[in-house]
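Student: I have a model open and want to learn to read its helices. Where do we start?

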Amino acid sequence: MKDITLGDGRKMPVLGLGTWQLSGSSCTETVKTALELGYRHIDTAERYGNHREVGEALKGIDRSEIFLTSKAWRTELDRRSLLAACNKALSELQTDYIDLYLIHWPNDRIPIEESLSAMEELVRENKIRSFGVSNFDEKRLEDALAFSKNIATNQVEFHPYLYQKELLGFCSKNSIPLTAYSPLARGLVNSDPVLREIGERHGKTPAQVSLRWLIQHGLAAIPKGSSERHQKENMDIFDFSLSKKEMDAVDSIKKEKRLVNPAFTRIPFFDSVPKKAIKFAGKFIR
Ligand SMILES: NC(=O)c1ccc[n+]([C@@H]2O[C@H](COP(=O)([O-])OP(=O)(O)OC[C@H]3O[C@@H](n4cnc5c(N)ncnc54)[C@H](OP(=O)(O)O)[C@@H]3O)[C@@H](O)[C@H]2O)c1
């Protein structure tokens, strides 16, 4: 498996397994299957509620061979909560350290300096190796970079239907690689005619073309595949490459289709609105 160099100089396998919506014993089995196939990078989060199951799957594997990412939820970003969230994650994952710990979503009510300084504390305590952010736009990244030059990655939604060219340019300039989540647009890419046509030329599927496009743009990708067939297929992308013309063709698909758009990013002042009101509003806002 190829590596990508993170913003702090450490390495991360360029392809990982996403685990959102995997739960219970099937989560453990799915992660075990991936490890048997050769996956060495697993992406989880406190919010996914599957730390224990992921930890279970890692048992018996040399920990130093695995790159494990987890994320702290946006309400846990003050120093005390972040340290506690990390300790909880370590205990649930049954591991001594997390390779990459991310701020799952920004929360403008908690100063980024406080969260990043707590992250640095976790590095000094050997509880995490690297830290980074997720779902950060350019402005928030600038604020984060003003405090720390060691932001390992920015994990964001990125696929042929959401080609975030400006963000990619900004991150490249600042040597922060992007990690693409929902890299297959949750399976939507499979019926795309442009990707299909390119794939047919290479004997590959649209999903494989999508992943290859991301990697050739310098991103890491964490597709979720619950079946062995999908997991295998998603790994089998290192024996072909897309020409400049093919890259341009995928760049031009442009549908601006954002799939992950939670309520707190859409409701102004979400954090200061009482929870009851949000629940009520949630009935009307999609
Ligand atoms: N940081 C964040 O805020 C954030 C947000 C969303 C996601 N993530 C992370 O990113 C990971 C991936 O994103 P995602 O789960 O939203 O979407 P995704 O990886 O784009 O798509 C997953 C879907 O595609 C299917 N699939 C997988 N491989 C395929 C293939 N080769 N051909 C056809 N279909 C295929 C899967 O089916 P099967 O499961 O049936 O195989 C599943 O339905 C998550 O699991 C999570 O770890 C992070």
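Student: Which residues of α1 are buried?

Tutor: Keep in mind that this is a predicted model. Burial is a neighbour count: 20 or more other C-beta atoms within 10 Å make a residue buried. In α1, that applies to C27, T28, T30, V31 and A34.

Student: Where do they sit around the helix?

Tutor: Look down the axis of α1: its buried residues fall within an arc of 165°, so they line one face of the helix. The face turned away from that buried side carries the exposed residues S25, S26 and E36.

Student: What covers the buried residues of α1?

Tutor: The cover includes two strands, β3 (17-18) and β4 (41-43), and two helices, α2 (51-58) and α9 (228-235).

Student: How do I check the length of α1?

Tutor: Compare the expected span with the distance between the ends. Helix α1 covers residues 24-37, which is 14 residues, and at 1.5 Å a residue it should span 20 Å. Its end C-alpha atoms are 21 Å apart, which agrees. After α1 comes G38, with a positive phi near 115°.

Student: At what angle do α1 and α2 pack?

Tutor: Take the two axes, then the angle between them. Here the angle is about 40°, and the axes are 8 Å apart. The helices are therefore oblique to each other. The crossing of α1 past α2 is right-handed. On the α1 side, G24, C27, T28, V31, K32 and L35 make the contact. On the α2 side, E53, V54, E56 and A57 do.

Student: Is K32 buried or exposed?

Tutor: In between. K32 is partly exposed, because 16 other C-beta atoms lie within 10 Å. This residue belongs to helix α1. K32 and A57 are 25 residues apart in sequence, yet 5.2 Å apart in space, C-alpha to C-alpha.

Student: Let's try another helix. Which residues of α3 are buried?

Tutor: Run the same steps. The buried residues of α3 are L82, A85, C86, A89, L90 and L93. They cover an arc of only 135° around the axis, which puts them on the same side of α3. R80 and S91 are exposed on the other side.

Student: And the span of α3?

Tutor: Helix α3 has 15 residues, 79-93. From its first C-alpha to its last it reaches 21 Å, close to the 21 Å expected at 1.5 Å a residue. Q94 follows α3 and has a positive phi, near 55°.

Student: What covers the buried residues of α3?

Tutor: The cover includes helices α2 and α4 (112-124). Strands β5 (67-72), β6 (98-103) and β7 (128-134) are also among the covering elements.

Student: Now α7. Which of its residues are buried?

Tutor: L195, I198 and G199 are the buried residues of α7. Down the axis of α7 they fall within an arc of 100°, so they line one face of the helix. P193, E200 and R201 are exposed on the face turned away from the buried side. The buried residues pack against α8 (206-216) and α10. G203 follows α7, with a positive phi near 70°.

Student: How do α7 and α10 pack?

Tutor: Helix α7 (residues 193-202) and helix α10 (residues 244-251) pack at an angle of about 160°, with their axes 10 Å apart. An angle over 145 degrees counts as roughly antiparallel. That makes α7 roughly antiparallel to α10. α7 passes α10 in a left-handed crossing. V194, L195 and I198 of α7 make the contact with E246, A249 and V250 of α10.

Student: Why look at the sign of phi?

Tutor: Because most residues other than glycine have a negative phi, so a positive one is worth a look. Q21 is such a case, with phi near 75°. A185 is another, with phi near 50°.

Student: Where do Q21 and A185 lie?

Tutor: Q21 is in the loop between β3 and α1. A185 is in the loop between β9 (178-181) and α7.

Student: Are they buried or exposed?

Tutor: Count neighbours again. Q21 counts as exposed, because it has 11 C-beta neighbours inside 10 Å. A185 is buried, with 21 other C-beta atoms within 10 Å.

Note on methods:
Residues numbered from 1 in each chain as written. Predicted model: local features only at pLDDT ≥ 70, side-chain atom pairs only at ≥ 80, totals over all residues. Helix = DSSP H or I, 4+ residues; strand = E, 2+ residues; numbered from the N terminus. Expected span 1.5 Å × (residues − 1). Buried ≥ 20, exposed ≤ 12 C-beta atoms within 10 Å, placed from the backbone. Arc of directions from axis to C-beta. Contact = placed C-beta atoms within 7 Å. Axes fitted to C-alpha atoms, helices over the stretch in contact; angles between N-to-C directions. Parallel < 35°, antiparallel > 145°, perpendicular 65-115°, else oblique. Left-handed = near helix turned anticlockwise from the far one by under 90°.
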